[in-house]
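Reader: I am new to this structure and would like a close look at one part of it. Please take the aromatic rings and what surrounds them, in one connected account.

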Amino acid sequence: MEKQNIKNYAIGIGISAILIIGITVLIYRNEIYMWSLGDINSLYQQAEQHYKEKKYEEARKEYERLAKIDSAKQCQYRLGDMYFQGKGGEQDYLKARKYFEQSAESGNADAQNNLGYMYTFGIGLKTDFYLARKWLAMASAAVFTCLSRRGNVGLGTSHPVYADPVGLS
């Protein structure tokens, strides 16, 4: 009987260890994936360079790898835009929407705007004015916040255009 208890105890410990490892991998999957990619900055620069040189197929491959990172909102946006326009391969509005949503949920105003546009005009998906309004409102709020941080909102009379509208000074 004691051998059976030891066997059950060992099985319990093994199952617990597997669960702990599995949970750890789930929690740190993003970091593990980033580690597996290597130098992320150079990979991003390479993708950007391919895009600027209009080597869209190579750029799309690089952005595909980078877009899997949860915090890579610019790569997700760029990849969504490439699918939307058909750069580097076939046009795919569903994939464009997927990547725009990932980017938009991270706060990318361009992706939020594009989603609003897609929902407004029913491009690649069903027209939904509620979702269109949601995404467009988020985009405009993000842009306003960005501009107000730079001091470009509410220029008032201190702006040169208002201070000397005719340009006589």
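**Aromatic rings and their surroundings**

Author: In this predicted model, Arg 78 lies over the face of Tyr 51, at 4.1 Å from the ring centre. A second arginine is placed over a ring as well: the charged end of Arg 60 sits over Tyr 83, 4.0 Å from the centre of that ring. Both tyrosines also take part in ring pairs, so the pairs come next.

The structure holds seven aromatic pairs. One of them joins Tyr 51 and Tyr 56, with 5.4 Å from centre to centre and 70 degrees between the planes, an edge-to-face arrangement. Tyr 51 and Tyr 56 are both buried.

Tyr 83 pairs with Tyr 99. Their ring centres are 6.0 Å apart and their planes meet at 5 degrees; planes under 30 degrees apart count as stacked, so this pair is stacked. The pair links distant parts of the chain, as Tyr 83 belongs to helix H5 (residues 73-85) and Tyr 99 to helix H6 (residues 93-105), 16 residues apart. Buried means under 20% relative accessible area. Tyr 83 has 6% and is therefore buried. Tyr 99 has 8%, so Tyr 99 is buried too.

Ring pairs also link Tyr 77, Phe 84, Tyr 93 and Phe 100 into a cluster.

Phe 100 appears again in the largest nonpolar core, which has 28 residues; Phe 100 and Tyr 63 touch the most other members. Two or more residues of this core come from each of helix H3 (40-52), helix H4 (56-67), H5, H6, H7 and helix H8 (129-150). H5 gives the largest share, six residues.

What does Tyr 63 touch, beyond its neighbours within four places in sequence? Its contacts there are Tyr 44, Ala 47, Glu 48, Tyr 51, Cys 75, Arg 78, Leu 79 and Met 82. Tyr 51 and Arg 78 are thus among the contacts of Tyr 63, and Arg 78 is the residue lying over the Tyr 51 ring.

H7, one of the helices that contribute to the core, can be followed from end to end. Before it, Asn 108 caps the N-terminal end, with a side-chain oxygen 2.9 Å from the backbone nitrogen of Asp 110. The 13 residues of H7 (residues 109-121) should span 18 Å at 1.5 Å a residue, and the end C-alpha atoms are 18 Å apart, which agrees. Buried residues in H7 include Ala 111, Leu 115, Met 118 and Tyr 119. After H7 comes Gly 122, with a positive phi near 65 degrees.

Conventions: Residues numbered from 1 in each chain as written. Predicted model: local features only at pLDDT ≥ 70, side-chain atom pairs only at ≥ 80, totals over all residues. Heavy atoms only, no water. Phe/Tyr/Trp six-rings, centres within 6.5 Å; stacked < 30°, edge-to-face > 60°. Buried < 20%, exposed > 50% of the residue type's maximum accessible area, 1.4 Å probe, protein only. Helix = DSSP H or I, 4+ residues; strand = E, 2+ residues; numbered from the N terminus. Lys NZ or Arg CZ within 6 Å of the ring centre and 35° of its normal. Expected span 1.5 Å × (residues − 1). Polar contact = N/O pair within 3.5 Å; in protein donor to acceptor, adjacent residues only side chain to side chain. Core = buried A, V, L, I, M, F, W, Y, C linked by side-chain atoms within 4.5 Å. Contact = heavy atoms within 4.5 Å.
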